[in-house]
Amino acid sequence: MKQRISILADLRIKIGNETFDNPIWVASGTFGYGTEAPDLVDVNRLGAIVTKSITRQPREGNPPPRIVETPSGMINSIGLANIGVERYIREMLPIYENLSTKIIMNIAGTDIQEYVEIMKMVESVSSVIVGYEINISCPNVKKGGMEFGVDCDMTAKLTAKLRNITERLLIMKLSPNVSDIVSIGMSAQESGADAVSAINTVVGMSINANTGESNIHTTYGGLSGPAIKPVGLAMVHKLYQDLSIPIIGIGGIVNREDVVEFMMAGSVAVQIGTANFRNPGISEDILDTLEIFLEETHRAAATELIGAVKTHS
Amino acid sequence: MIIERAYIKSNREVANNIWEMHFEAPQIASEYSGSGQFINILVMNAWNHPLRRPMSIASVVKGNISIIYKIFGEVTQLLSEKKVGDEAELMGPLGNTFSNWKNGTYPILVGGGVGLAPILNLKNECDTHHVKYDIIIGARSGDEHFMDHEPEKNIILSTDDGTIGVKGTVMVPLEKMAKENENPYLFACGPEPMLEAVRNFALSNHIPAQLAVESYMGCGVGLCQGCVIHRQNGEIGRHSYHEKYSLVCLDGPIYEAKDIHFG
C-alpha cells in the first residue's frame, strides 16, 4: 500500500445519497471485476469500482483480434465478454463484502427486458453494491445497447423501468456516437437517473496498410485513451450546461491534470479507463497527485473544481 | 507480479534485425518461475503509445533478465535506440511456463522468427538440468541467425533460402527428428503459420507439443480481455471463464497443442 501523502483537502463527493471518499473511479471494462490485479493496486483507495458489463447470460465475446493500439489510444471490440449475472451474484458479490471501496455494477442488455431481469435478480439478493451504471452505449455488440443510447424515447423508457426497481444509484452511461448527447442525457434525467457518465468509446477503425486487413475482427471498435479526451471534455461540458444531475467524466484520463480538467468541465467524479491497462495502480498515483494539486492551488475541497472552467463566452 | 524500473545493461543487434537486451531487474528475476514467462515493457512514458509491449523472457541470470526482439514499429525502434544505463519500466513476471520437459520425454525445441526467446530460455534450462534435447531454429535467411548450425550438438538451423543449415522450414528437420527419437515432446514458439504446422504435425502423429503463442495484448494481467486465443476442448481453465476463448496473458502463453487452435 502506498503512503498517503496529504489529508488536507476534502476529496469526498456526493451523488444522490451516496458519499464517495474521492472522485477517482475506475471505468467498466478496464478493471475486470475488481479482483484481477491485487499485487498492483490497493482497490480500497479507489472512490469506486465500476465492474465489467454484466449480461443475463454469460458471453464469450468477439473473436480475435479484439484490440489494437492507435495513435494516443486503442480500439477494442471485446464484445461484452462476461460471466453472466448468475455467476456475478454467486462469485463476485460475496467478494465485494470485504472491500471498503464502493462497487457500482455495470449492466448491459439487448432489450429492456434483459436489463430489468438482471437488475431484479441482483436486487433480490443482499449485496453491498451502491448502484448501477447502465451501459446503453456499447458499440461492439450487434444487438447491443447502442439502440437505446442513440434514442431519447428508449433511454427514457429504460431509465424509468429501472428506476422503479432500485433505490440504489442509477447512472446512465452515455455514448458519444450520437448527434445530440444532451437530449439523451435529459431523457435519462427526466426519467429518474441519479447521474450520467460520459463518454463511452468513440466508434473507430484501424487498417494494416501492408496486409490490407482490418486490425479488429468486427471491423469497427471503440476508440479510447488520450485520443478521445477532447471529445469527452466537450460532451461533459455540454451536459453540464443543461443537466442538473451529476456527471461522471470519462475519456482518456491518465493523470491528475486530466482529472482536474474533467472536473472543471463539469464532472463530479471521473473514471480511469484505458490507463489501467498500462498500470493497474495508476488511479492511486492520480489520487495522490490530485491531493497535492488541491493543496498547491489552495483548494479545500475537490468539489471546488466542478464546472470551474473559465470559458471565453 | 510487480512493476520495476530496470536499468538496461546491454542492447545490441545480434543478427539482421534481431536484437538482444539485458535488464537489471532483481525483483522480477526473484519472482521468475521458468521459461515461457514474459514481461510487459513500457518503453516510453509519453502516452502517444499507451500500451506496454509484451516480450518473452530469454534468460534470467542472477538479477538480470534478457529479451530478444525485432524492430517492428515505432516502439521497438525506440527500444533499439535505448542506451546502456537507460531505464525501462517492466511489469512481470507474467504468464505460465513450459512444463514436462524433464519428465523422461525427449524434448525437441523449435523456434522461429521472434519466437526465439522462450525456446533459447528452455534450451538453457535443459542444459542446466542435463536434459538431452534437439533444437531447431528457423529463419528466412542466414543473416537472421546468430547461432551456428551444429548438427553434432543437435543444434539444427533451417533457412527458407538455404543459405545456412537445412533448406526449408523448421518442419523439414522436425519431422525427421521426431521420428528418430523415442518419446518426443515438442516445444515451439514462432510465427503463427509455424505454430500451426507444428500443431498439425503433433496432433496427426500423436506427439505431445507445447506452443508458446503470441497475441495482441492490452494489459497482460486479465483486465482488458483482449488477448484471446481459440480454445479447442472447452475445458474451463483456472482463470478464464470462457469455453470458446482463453486469455493468453493469464492462461498462457504456453498451451498444449491439443487445447487451442488458430481460428
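Biologist: Which residues in helix 5 of chain A are buried?

Modeller: In this predicted model, the buried residues of that helix are A:Ile181, A:Val182, A:Ile184, A:Gly185, A:Ser187, A:Ala188 and A:Gln189.

Biologist: What makes helix 5 of chain A mostly covered?

Modeller: Helix 5 runs over residues 181-190, and 7 of its 10 residues are buried. To count as buried, a residue must have under 20% relative accessible area.

Biologist: What is found at the start of helix 5 of chain A, and what just after that helix?

Modeller: At the start, a side-chain oxygen of A:Asp180 comes to within 3.2 Å of the backbone nitrogen of A:Val182. The cut-off for a polar contact is 3.5 Å, so the pair A:Asp180 and A:Val182 falls inside that limit. Just after the helix, A:Gly192 has a positive phi of about 110°.

Biologist: How many residues of helix 7 of chain A are buried, and which are they?

Modeller: Helix 7 spans residues 256-265 and is mostly covered, with 7 of its 10 residues buried. They are A:Arg256, A:Asp258, A:Val259, A:Val260, A:Phe262, A:Met263 and A:Ala265.

Biologist: What covers the buried residues of helix 7 of chain A?

Modeller: The cover includes strand 3 (24-26), helix 6 (229-242), strand 13 (247-250), strand 14 (267-272) and helix 9 (282-296), which belong to chain A.

Biologist: What caps the N-terminal end of helix 7 of chain A?

Modeller: A:Asn255 does, with a side-chain oxygen 3.2 Å from the backbone nitrogen of A:Glu257. Just after helix 7, A:Gly266 takes a positive phi of about 130°.

Biologist: Why is A:Thr166 called buried?

Modeller: The relative accessibility of A:Thr166 is 2%. Buried means under 20%, so A:Thr166 counts as buried. A:Thr166 sits in the loop between helix 4 (152-165) and strand 9 (169-173) of chain A. Apart from neighbours within four places in sequence, A:Thr166 is in contact with A:Met119, A:Glu123 and A:Tyr132.

Biologist: What makes the pair B:Arg53 and A:Glu69 a salt bridge?

Modeller: Their side chains meet at 2.7 Å, N to O. The limit is 4 Å between a side-chain nitrogen of Lys or Arg and a carboxyl oxygen of Asp or Glu, so this Arg and Glu pair qualifies. The count between chain A and chain B is 1 salt bridge. There are also 14 residue pairs in polar contact between the two chains, both residues at pLDDT 80 or more.

Biologist: Which elements of chain A each supply at least two residues of the side that touches chain B?

Modeller: Strand 5 (67-70), strand 6 (73-76) and helix 8 (275-278) each do so. The residues on that side of chain A divide into 18 nonpolar, 11 polar and 9 charged.

Biologist: How many residues does each chain bring to the contact, and what area is buried?

Modeller: Chain A brings 38 residues and chain B brings 32 residues. The buried area is about 2,900 Å², with 63% from carbon and sulfur atoms. A:Glu60, A:Glu69 and A:Arg278 supply 29% of the area that chain A buries against chain B, more than any other three residues.

Biologist: How many helices and strands does chain B have, and why is chain B called as compact as a globular protein of that length?

Modeller: Chain B has 6 helices and 16 strands. The radius of gyration of chain B is 18 Å, and the globule rule gives 18 Å for 263 residues, so chain B is as compact as a globular protein of that length. Of the 263 residues of chain B, 57% count as buried.

Notes. Residues are numbered from 1 along each chain as its sequence is written. Chains are lettered from A and ligands numbered from 1 in the order in which they are written. This is a predicted model: local features need pLDDT of at least 70, side-chain atom pairs count only at pLDDT 80 or more; totals for chains, interfaces and linings use all residues. Side-chain values use heavy atoms; hydrogens and water are left out. Contact means heavy atoms within 4.5 Å. Buried area is the accessible area (1.4 Å probe) that two parts lose on being put together, summed over both. A polar contact is a pair of N or O atoms within 3.5 Å; within protein, one must be able to donate a hydrogen and the other to accept it, and residues adjacent in sequence count only if both atoms are side-chain atoms. Helices (H or I, at least four residues) and strands (E, at least two) are DSSP runs, numbered from the N terminus. Ala, Val, Leu, Ile, Met, Phe, Trp, Tyr, Cys and Pro count as nonpolar, Asp, Glu, Lys and Arg as charged, and the others, Gly among them, as polar. Buried means under 20% relative accessible area, exposed over 50%, partly exposed in between (1.4 Å probe, protein chains only). The radius of gyration is taken over C-alpha atoms; the globule rule is 2.2 Å times the number of residues to the power 0.38.
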